[in-house]
Every structure is written in C-alpha cells, then in structure tokens.
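Trainee: Here is a structure I would like to learn to read. Where should I start, and in what order should I go?

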Amino acid sequence: MAKAILQKNSNKMNYIFIFLILISLIYATINGTMPQTIDAILKSSQKAVEISISLIGIMAFWLGIVNIAKSSGLMELFSKIIKKPLLKIFPDLKENNEALSNIALNISANALGLMNAATPFGIKAMEEMQEKNKDKSYATNSMCTFLAINTAGFQIVPAVVIAILSASGMENPTQIILPTLIVTTIAFISALFFSKLLERVFK
Amino acid sequence: MIDFLNALSIFILPIIIATILIYALYKKTPAYEDFTQGAKEGFNIAVKIIPYLVAIMVATAMLRASGAIEIAQKLLSPIFDYFKIPIETSIIMLTRSLSGSATLGVLADIINQTGVNSYATKLAAVITGSSETTFYVASVYFGSIGIKKFRHALLAGILADITGLIAAIIVCSIFFL
C-alpha cells in the first residue's frame, strides 16, 4: 500500500481506465442512461476531492508521530532487532552487512507506514546486493526474496486506510488494524515461502 | 474471543503512540518539533492522491450509473455469494496488485456505495491495507539497478497476493460477519 500512493499508474491501469470509461459510455448510449452517467462524473469527481482533503489532518498526525520515532532512533533500534532473524531469510548476505541493514530499515519504515523513507532504503539495499552480483542483469535469490516480501506490503498500521474510513465517518476505524495485521503477516510469510520454493525452479 | 481481539485491535494504535513518545522522552529528542516537521508531509500526500482518486472514482461511478456494472456483477455473483464475498469488492481484487492509488479510489467508492459500516467496506479496507502494488514495486526496485531477468520474483509476489486475498476473505468473515 504505502509507496503506491506516490506512484505513477502502471501500464495495465491505462487499459483498465480507458476500458471502464468507454464501456460506460457505450452502455449508457444503449441503455439510455447517459444523463445519469454524466451526472456521475460531476458528483464523483467532487467526492474524490472531498475525501482527499479530509485525509490531510489524520495523515499529518500519523506522519508527525512516526517522524518522532524516526528522529529518536526508535526505528533504527527496531531494525537492529530484526537484523538477526533477517539473516536467516537472506543467508547469502552474511558478508554484506550494508545490504542487510538497508533491508532492515526498509522493512521498519514500511511497517510504520513511512512511505517516503522506505523506498530509498529499499533501492540502497538492491544496489548493495547488485554490487556483489556476478551477472548484473540477473536477479539473485536474495533480490527476489526481498522483492517478494516487499510486494506483500507488511505494515503495522495502515494509516491511509484508517484515515479514509475515519474521514468517511466510521466510529472506530482502528478495528481493522488487527485483521489487517493478520492478513499482511500471512501474505509476508507466503511471499517468503513461495520465493524460497521457486528459487530452486527458476535458476 | 472475537470481542477480545476487537478490543486488542483498538489498543494497538495507542500502544504504538505511547511507545514512540516514551522513547523520545527517554532519548530527549525534540518530539514537538519532530512532530510538526513530519506532519507537513500529510498535506502533500493528501494532495498527491487527488488525481488518482478522481480518475478511479469517476470511472467506477460512470460504470455504475450507466448500468454496465450490473451485467458483470450478475455474472460473478453466484461465485461471490457462495463464498459470502460482497460483490462490490470485485473491482478492488483486480486493482490491488496494479495500483495502490487506484485501490484507494475503489475503497472510497465502496464506502460511498455501501456505507462506511458495511461488511463490504471492512473487507475492502483490510484488502487495501494489507497489499502492496506488486508490479510497481518490481519496476522501481529492479528498474533502479538494471535487472532484466526477474526470475521468480514476480510470480512469488503474485502468489503471495492471492494468498493474502484469500486470507483477507477468511479473516474478515471471522472478525466482522
């Protein structure tokens, strides 16, 4: 979830976007629902802006809180703690301490929902791994594992989602934290499992 | 049991906030200044997602207003009903691996359509909160270092996405149904 907020839409989104709107226009013509369809454009674009604006307060609060954790060194402390278990996941990074540290920082920043901080750590980790890589166009096992667990998007507090729920008037939006944590942990573990399993197949 | 877990869910955030503040107190870092510094980013993020929310919310709202979505949902609903998955969440399952901002737009649309306290909203929120856009992460991380052969990285990511989706459906039915 996290980094994706600042992303550019991927290529596949181009087709989905065009397809959704063209289908709507064609169907509205056949079905005689063109007035409602045009009305939907006006109302929903207004709604989209209202939602975005109402996110500002909650996002500001959360990013303020996690910035305290970043400056006080709590995030680094956390990443030091997870380094040892990480070595079991990335056994070939035993000699590459820099890469492992950056992976730990990337996971810590992601866990807190610090989207802007996590990506540079992740890229740094990839660069460190690439330096030791013999074939520069070919992904190593550790690179694949790191990428796979990153796509699982492990996050302790899904801040943006909570912000949207709260902005829409849900009474206790934090009720989704635990279920989300359970699901993201399962996704994390399965990413690990699949990448370890498949690295034997894709040589 | 579920009551206890729900209560726990409510206490996770306060515990994290308290830990962060106590550690800052212990380390004697300027918490107030750090807070205000970090909070500035909140505005940027909210403003940056506007174009994505507009694009997706308009597209899905048009699809619904035109009546086209009813055909697709009629085709899919036997499967979705069988697993007790609200049909409104079908689009989010498609967008979650492709674009995070688009997924936020779909979430906002589901809230708009089914109400903020509906089961569809809760399931969609958990799906959104527990996913990262696989294709985007792959292109940024491997693109930045010039990797051409991705090997099994994407496949493992997608299989994990599918596992996560199934997990979301099961976990949400336990918590919220």
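Mentor: We will go from whole chains to helices and then to single residues. Keep in mind that this is a predicted model.

Trainee: What elements does each chain have, and in what order?

Mentor: Start with the secondary structure, read from the N terminus. Chain A has 8 helices and 0 strands, and its elements run α-α-α-α-α-α-α-α. Chain B has 9 helices and 0 strands, following the pattern α-α-α-α-α-α-α-α-α.

Trainee: How do I read the overall dimensions of chain A?

Mentor: Set the radius of gyration against the value for a compact globule. For 203 residues that value would be near 17 Å, but chain A has 21 Å. A box along the principal axes adds detail: the C-alpha atoms of chain A fill roughly 65 × 40 × 25 Å. For chain B, the corresponding box is roughly 60 × 50 × 30 Å.

Trainee: What fraction of each chain is buried, and what supplies the exposed surface?

Mentor: Take the buried fraction and the exposed area together. In chain A, 56% of the 203 residues count as buried; about 9100 Å² is exposed, with carbon and sulfur atoms supplying 65% of it. In chain B, buried residues make up 58% of the 177 residues; the chain exposes about 7700 Å², and carbon and sulfur atoms supply 70% of that.

Trainee: What share of the contacts joins residues far apart in sequence?

Mentor: Count contacts with a sequence separation of 6 or more, then ask which of them span 24 or more positions. For chain A, 64% of such contacts do. For chain B, 63% of the contacts between residues at least 6 apart join residues at least 24 apart.

Trainee: Now a pair of helices. How do α6 and α7 of chain B cross?

Mentor: Look at the distance between the axes and the angle between their directions. The axes of α6(B), residues 100–114, and α7(B), residues 119–129, come within 9 Å and cross at roughly 170°. The pair is therefore roughly antiparallel, since an angle over 145 degrees counts as such.

Trainee: Which residues make the contact between α6(B) and α7(B)?

Mentor: From α6(B) they are B:T103, B:L104, B:L107, B:I110, B:I111 and B:T114, and from α7(B) they are B:A120, B:T121, B:A124, B:A125 and B:T128. By class, the residues of this contact divide into 7 nonpolar, 4 polar and no charged.

Trainee: B:V126 is in α7 of chain B too. Is B:V126 buried or exposed?

Mentor: Relative accessibility decides this. B:V126 counts as buried because its value is 0%, and the cut-off for buried is under 20%. Then see what surrounds the residue. Leaving aside neighbours within four places in sequence, B:V126 is in contact with A:I176, A:P179, A:T180 and A:V183, and with B:A168, B:C172 and B:F176. The list thus holds residues from chain A and from chain B.

Trainee: What does B:A68 touch?

Mentor: B:A68 lies in helix α4 of chain B, residues 68–82, and counts as buried at 9% relative accessibility. Not counting residues up to four places away in sequence, B:A68 touches A:I23, A:Y27 and B:L63.

Trainee: How many residues of helix α7 in chain A are buried?

Mentor: For a whole helix, count the buried residues. In α7(A), residues 159–167, 7 of 9 are buried, and the helix is mostly covered. The buried ones are A:A159, A:V160, A:V161, A:I162, A:A163, A:I164 and A:L165. Just after α7(A), A:G169 takes a positive phi of about 100°.

Trainee: Why would a positive phi be worth noting in a residue other than glycine?

Mentor: Because most residues other than glycine have a negative phi. There are two cases to look at here. B:K84 has a positive phi of about 55° and is found in the loop between α4 and α5 of chain B. B:R151 has a phi near 50° and is found in the loop between α8 and α9 of chain B.

Trainee: Are B:K84 and B:R151 buried or exposed?

Mentor: Apply the accessibility reading again. B:K84 counts as exposed at 60% relative accessibility, whereas B:R151 is buried, with a relative accessible area of 17%.

Definitions and conventions:
Residues are numbered from 1 along each chain as its sequence is written. Chains are lettered from A and ligands numbered from 1 in the order in which they are written. This is a predicted model: local features need pLDDT of at least 70, side-chain atom pairs count only at pLDDT 80 or more; totals for chains, interfaces and linings use all residues. Side-chain values use heavy atoms; hydrogens and water are left out. Axes are lines fitted to C-alpha atoms, for helices over the stretch in contact, and angles run from 0 to 180 degrees between N-to-C directions. Helices (H or I, at least four residues) and strands (E, at least two) are DSSP runs, numbered from the N terminus. Angles under 35 degrees count as roughly parallel, over 145 as roughly antiparallel, 65 to 115 as roughly perpendicular and the rest as oblique. Contact means heavy atoms within 4.5 Å. Ala, Val, Leu, Ile, Met, Phe, Trp, Tyr, Cys and Pro count as nonpolar, Asp, Glu, Lys and Arg as charged, and the others, Gly among them, as polar. The radius of gyration is taken over C-alpha atoms; the globule rule is 2.2 Å times the number of residues to the power 0.38. Buried means under 20% relative accessible area, exposed over 50%, partly exposed in between (1.4 Å probe, protein chains only). Accessible areas come from the Shrake-Rupley method with a 1.4 Å probe; for residues, only the protein chains shown count as cover.
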